[in-house]
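Reader: Hey, can you walk me through this one? I'd like to ask a few quick things as we go.
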Amino acid sequence: MKKSILSSITAVALLSTAVTAGTPVSAESIDDLKEQINEHEQEKSKISEEKNSLNKDKQDTETKINENLSEQESVENEILDIEDELATTQNNIAAKENEIKATNDEIDDLTERIGTLTKEIEVLEDKIEKRDALLKDRLRSIQQNGGQIKLIQVIFGSKSFVDFISRTSAVNTIMDQDKQIMEEQAADKQLLAEHKQEVEEKKDTVVAKKEELELQKTELLALKDQLDNQKKERKTLMAKLEKEQENLEEIKLTIEEEHAILAAEEKAQAQAIALAEQKVGELEQLAKEEAERKRQEAERRKAEQERQARQERESHNNNNNNDNSNKVASAPETKVDSGNTGGGYFIYPANGRLTSGFGMRNHPIFNVSRLHAGVDFGVGTGTPLVAPADGVVSTAGTMGGFGNVIMISHYIDGKSYTTVMAHLSRIDVSSGQAVTQGQVIGATGNTGNSTGPHLHFEVHPGGYGNPVDPMPFLR
C-alpha cells in the first residue's frame, strides 16, 4: 500500500486535536485530508482489481486441481486394472508351476517305467536270443538228419504198433514244441517292439509337454515383469500427481490467504474513508465557524480602531497613537510530532537466534524448492511477541500454513509496510486495533505448517505481497 490506514487515522486525529486546541483550521488541512481520501479511494480500487486478479488465479488453480484429481483417478483405475491383471497372471503362473510339477512327476514316473521296461526288454531279448539259439539247433539237427524224410523213417521204422504210436507222439511233441517256440518268439518280438514304441512315444509326448509348459511359464513371467514395470510407472506418476496436487493446494491456500488479507485491508480502507469523510464535514463546518469568528473579530477590531481614532481626535493626542497597540499577535505555529519510529527500522518481535534466512530453500515439509518469504527465529512456545513498530492490525487469526498469524500495517517516514508474524500460540490483539512499538500482542508457538516451535517473521514494503529480507529492517 502506498498509504496506510494508520496515516489517515493519524491525520484525522491530528486535525481534530488542532481544532480542539483552538488552532485555525486551514483550507490546506482540509485539502490534504481530501487528497488522502482520494488516495485511499484509488487504493481501494486497486485492491478490488487485485482481488479480481486473485479470483481468476484461484479459478485457474482450482481448474488445475480438478484436472489433477481427474488424472489421479484415471491413474488409480489403471493401477487397479494392472493389479487385477497381475493377480490373474500370478495365479496363472502358480497354475503353470503346478502343471510343470505334475509333468515332472509324470516324467519321473515315466523314467521309472522306462527303467522297468528296459529290464523287461533285456529279459525278452535274452529269451529271444536263447530261443533263436534253440531254433537254430533244431534246424541244424533236422538238416543234418535229412529233414522230414528222416522223421518219416523214424515213424515207419517202428517195430510194433505200440512203438509206432510212441514214435508218432514223440514226433508231434517235437513239432508242437518247435511251433510254440516260434509263436512265443514272434509274440515276444512284437511285445518288445510295442514296449519300445510305447516308451518312445510317452517320452516324446511328456518332454514336449514340459517344454510347452516351460515356454508358457516364461511368457507369464515376462508378462508379470511387464505389469510390475507398468505398476511402478503408474505409482511414480501417482506420486508426482499427488505432489503436484499438494503444491496446487498450497497455491490455492496462498491465494485464499491473500484474498482474505486484501478483503480485510479493503474493509479497513472503507472504514478509514468513511471516518475521513466524516471529519472533512466536521472540519468544513469548523472552518465556516472559524471564518465567521474571524469576520466578527475583524469587525470588532475595526470598530475598536474607529472608536480609538475618535477618542484620539477628540483628545487631540496624536503623539500617543501607538500602532503597535492595535496589532494582534499571531498564534505561534504548532508543530505536531509525526510519530516517526526511526528511519523505517523495526525492533525484534521476539528474542531468539536466527535459524532460517530469507530466500529459496527446500521446504522442510513438502520437500520442494520454494521461496522462504521471511526469516525464522528459534524461540520456545509461549515466548512474548511484541509489535515491531507502531501500526494497525490488519489480520489476527488462523490462516492456513501460517497457523495463528498477526499482520500489522505500518506507516513510517512516508512509506507503508506490512509485517507478518506466524505460527503463534496466542493472539492478544484483533483486526483494526492500533498497536505501539514494543506492545505485547501475543506469544510464539508451533501452529500451522511448522516443524517445531519458532517465529516466522516477514516484511512487505508497500503492503502485503512484496516480501523482502527482513534483516536489514531490524535493529
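Reader: Okay, is Tyr-417 buried or exposed?
Author: Keep in mind that this is a predicted model. In it, Tyr-417 has a relative accessible area of 8%, and the cut-off for buried is under 20%, so Tyr-417 counts as buried.
Reader: Cool. Which ring does Tyr-417 pair with in the segment after β11?
Author: That's Phe-473. The two rings sit 5.8 Å centre to centre with 65° between the planes, which makes the pair edge-to-face. Tyr-417 is in strand β8 and Phe-473 follows β11 (455–461), so the pair ties together parts 56 residues apart in sequence.
Reader: And how many aromatic pairs does the structure hold?
Author: Three. One of them joins Phe-346 and Tyr-417: their planes are at 90° and their centres 5.8 Å apart, so this pair is edge-to-face. Phe-346 is in the loop between α4 (161–315) and β1 (353–356), 71 residues from Tyr-417 in strand β8 (residues 415–427).
Reader: What about Phe-346, buried or exposed?
Author: Buried, because its relative accessibility is 0%. Phe-346 also belongs to one aromatic cluster with Tyr-417 and Phe-473.
Reader: Switching topic: where is Ser-356?
Author: Ser-356 is part of strand β1. With 14% relative accessibility, Ser-356 counts as buried too.
Reader: Which residues is Ser-356 in contact with, leaving aside neighbours within four places in sequence?
Author: Ser-356 then contacts Arg-361, His-372, Gly-374, Val-375 and Asp-376.

Terms used. Residues numbered from 1 in each chain as written. Predicted model: local features only at pLDDT ≥ 70, side-chain atom pairs only at ≥ 80, totals over all residues. Heavy atoms only, no water. Phe/Tyr/Trp six-rings, centres within 6.5 Å; stacked < 30°, edge-to-face > 60°. Helix = DSSP H or I, 4+ residues; strand = E, 2+ residues; numbered from the N terminus. Buried < 20%, exposed > 50% of the residue type's maximum accessible area, 1.4 Å probe, protein only. Contact = heavy atoms within 4.5 Å.
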